Amino acid sequence: MSELQTLQVDLLARVEGAASIEAVEAIRVEALGKQGRVTALLKSLGGMTPEERLVEGPAIHALREAVTGAIGDRKAALERAALDGKLAAETLDMTLPVDRIAPGSVHPVSQVMDELAEIFADLGFAVASGPEIEDDWHNFSALNIPETHPARAMHDTFYFPEAGEKRMLLRTHTSPVQIRTMLKDKPPIRIIAPGRVYRSDSDATHTPMFHQIEGLVIDRGITLGHLKWTLETFLKAFFERDDIVLRLRSSYFPFTEPSVEVDVGYTMVNGKRVIGGSEGWLEVLGSGMVHRKVIEACGLDPNEWQGFAFGTGVDRLAMLKYGMEDLRAFFDGDLRWLRHYGFAALDVPTLSGGVGVAA
Ligand code: DAH
């Protein structure tokens with residue numbers, strides 16, 4: 001046997017007998033690594049005469065290929081054996097109970113906003129939005145609340161320090177979205193605008209940040225009758241009761257004329273107020289026919305276009321429907337409160353997923 005043949009037989013036998021991937025790797029380094037024995041043979045080709053190289057070249061390359069191939073095969077066989085071993089040894093019991101993953105829950109404010117969007121979508125309303133950092137004009141002036149108007153004092157406004165021409169503030173209500181929509185879209189308009197609003201106020205029923213939803217309809221020949229029907233239909237759907245009684249009281253808002261405040265009737269059941277009937281009244285929203293000056297401020301002709309608007313507190317609606325007492329708890333982020341009052345994201349098919357309670 002030639003020297004090359006002896007080396008090949010020796011290497012292949014050792015590869016074949018290697019018991020682990022690490023052992024195979026050690027042989028590879030020994031034979032084919034930088035200082036390896038086969039590598040040295042390949043390097044020696046450079047010092048040979050062309051005649052010697054013609055004989056030795058193919059032989060050395062064949063050796064290298066045989067060793068490389070054997071190493072690859074042995075590694076694959078060892079890996080397969082390791083996997084087979086694992087498959088034989090490990091078992092998976094599909095009948096074992098899974099670890100409980102604590103599911104998150106939908107905050108009542110989000111739930112109520114979804115319910116409102118769903119109800120108004122059925123009535124043909126689109127959802128509009130506007131910035132929470134507003135300017136004085138959209139939040140007040142365009143809504144017929146000029147600089148000197150006493151109604152400005154009713155909103156405890158968070159103003160930004162003066163910079164530039166526009167007085168910037170955190171919007172005190174969602175009504176500026178009325179203005180933005182009328183400036184942007186051509187009538188007929190039917191939108192609701194849910195969102196965050198801010199006022200410097202804090203007690204059991206007031207938080208500096210809270211949620212409102214605005215409604216606006218602009219079309220030809222819109223009357224107070226349309227407003228009443230819309231609100232009645234909305235409140236029946238929202239409270240999921242047919243015995244909803246509304247009371248419209250005349251009121252004042254600078255941006256509506258006439259203005260009405262809307263109360264919803266309740267009945268006392270076991271010492272608790274339940275919406276429905278008319279034993280007592282709870283104020284639920286402000287509304288009215290959009291003031292001519294507001295329509296004009298948005299570049300529309302009030303002789304052609306009329307409409308109604310309404311605005312209400314989303315948090316308050318949530319409290320009335322789902323029975324929370326303290327508004328501040330809405331924003332404390334207390335997990336016990338959220339688990340109690342939160343909603344399962346996917347649940348029985350009623351209004352926006354229904355009154356499912358998260359685990
Ligand atoms: N923007 C009023 C507020 O925050 C609520 C309101 C009243 C909105 C009457 C309206 C409306 O659109 O017509 O107190």
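1. One cut-off before anything else: a residue is called buried here when its relative accessible area is under 20%. Asn 144 has a relative accessible area of 16%, so it is buried. Keep in mind throughout that this is a predicted model.

2. Staying with Asn 144, its backbone is worth a look. Most residues other than glycine have a negative phi, and most peptide bonds are trans. Asn 144 is not a glycine, yet its phi is positive, at about 65 degrees. You'll find Asn 144 in the loop between helix 6 and helix 7.

3. Ser 141 is in that loop too, the one running between helix 6 (136-139) and helix 7 (151-154). Its relative accessible area comes out at 29%, so Ser 141 is partly exposed. Setting aside residues up to four places away in sequence, Ser 141 touches Asp 136 and Arg 152. If you want a sense of where the loop sits relative to helix 9, take Ser 141 and Thr 230: they are 89 residues apart in sequence, and their C-alpha atoms are 28 Å apart in space.

4. Another positive phi turns up at Glu 240, which isn't a glycine either; the value is near 55 degrees. Glu 240 belongs to the loop between helix 9 and strand 6 (246-253). With a relative accessible area of 45%, Glu 240 counts as partly exposed. Gly 124, just after helix 5, also has a positive phi, at about 90 degrees.

5. Two cis peptide bonds to check. One runs from Pro 187 to Pro 188, with omega near 5 degrees, and Pro 188 is in the loop between helix 8 (176-184) and strand 4. Another joins Glu 257 and Pro 258, with omega about -5 degrees; here Pro 258 is part of strand 7 (residues 256-269).

6. Now the pocket side of things. The second largest pocket holds about 180 Å³ of space. Its lining is made up of 13 residues, and those nearest the pocket centre are Phe 125, Arg 190, Val 217, Ile 222 and Phe 308. Three elements give two or more residues to this lining: strand 4 (189-198), strand 5 (209-219) and helix 9 (224-239). By residue class, the lining of the second largest pocket splits into nine nonpolar, two polar and two charged.

7. Which residues of helix 9 are buried? They are Leu 227, Thr 230, Leu 231, Phe 234, Leu 235, Phe 238 and Phe 239. These cover an arc of only 135 degrees around the axis, so they sit on the same side of helix 9. The length of helix 9 checks out as well: at 1.5 Å a residue its 16 residues should span 22 Å, and the end C-alpha atoms are indeed 22 Å apart.

8. Helix 5 (residues 108-122) can be given the length check too. It has 15 residues and reaches 21 Å from first C-alpha to last, close to the 21 Å expected at 1.5 Å a residue. Its buried residues are Pro 108, Val 109, Gln 111, Val 112, Met 113, Glu 115, Leu 116, Ile 119 and Phe 120. Note that Gln 111 and Glu 115 are on that list. What covers the buried residues of helix 5? The cover includes strand 4, strand 5, helix 9, strand 10 (306-313), helix 11 (314-322) and helix 12 (335-341).

9. Leu 300 is in the loop between helix 10 (292-297) and strand 10. At 14% relative accessibility, Leu 300 counts as buried. Neighbours within four places in sequence aside, Leu 300 is in contact with Met 182, Pro 187, Ile 218, Ile 295 and Trp 305. Pro 187, you'll recall, is one end of a cis bond. As for Met 182, it is 118 residues from Leu 300 along the chain, with 8.2 Å between their C-alpha atoms.

10. Last, Val 24, which is in helix 2 (residues 21-32). Its relative accessibility is 0%, so Val 24 counts as buried. Residues up to four places away in sequence not counted, Val 24 touches Ala 18, Ile 71, Arg 74, Lys 75 and Leu 78. How many Å separate Val 24 from Leu 227, C-alpha to C-alpha? The answer is 84 Å, with the two positions 203 residues apart in sequence numbering.

Terms used
Residues are numbered from 1 along each chain as its sequence is written. This is a predicted model: local features need pLDDT of at least 70, side-chain atom pairs count only at pLDDT 80 or more; totals for chains, interfaces and linings use all residues. Side-chain values use heavy atoms; hydrogens and water are left out. On a 1 Å grid over the protein atoms alone, a cavity is a set of points where a 1.4 Å probe fits but cannot get out, and a pocket is an open set with protein on both sides within 12 Å along at least five of seven lines; lining residues have an atom within 4 Å of a point. Grid points are joined across faces, edges and corners, and a volume is the space filled by probe spheres set on the points. Helices (H or I, at least four residues) and strands (E, at least two) are DSSP runs, numbered from the N terminus. Ala, Val, Leu, Ile, Met, Phe, Trp, Tyr, Cys and Pro count as nonpolar, Asp, Glu, Lys and Arg as charged, and the others, Gly among them, as polar. The expected span of a helix is 1.5 Å times one less than its number of residues. Buried means under 20% relative accessible area, exposed over 50%, partly exposed in between (1.4 Å probe, protein chains only). Contact means heavy atoms within 4.5 Å. The arc is that of the directions from the helix axis to the C-beta atoms.
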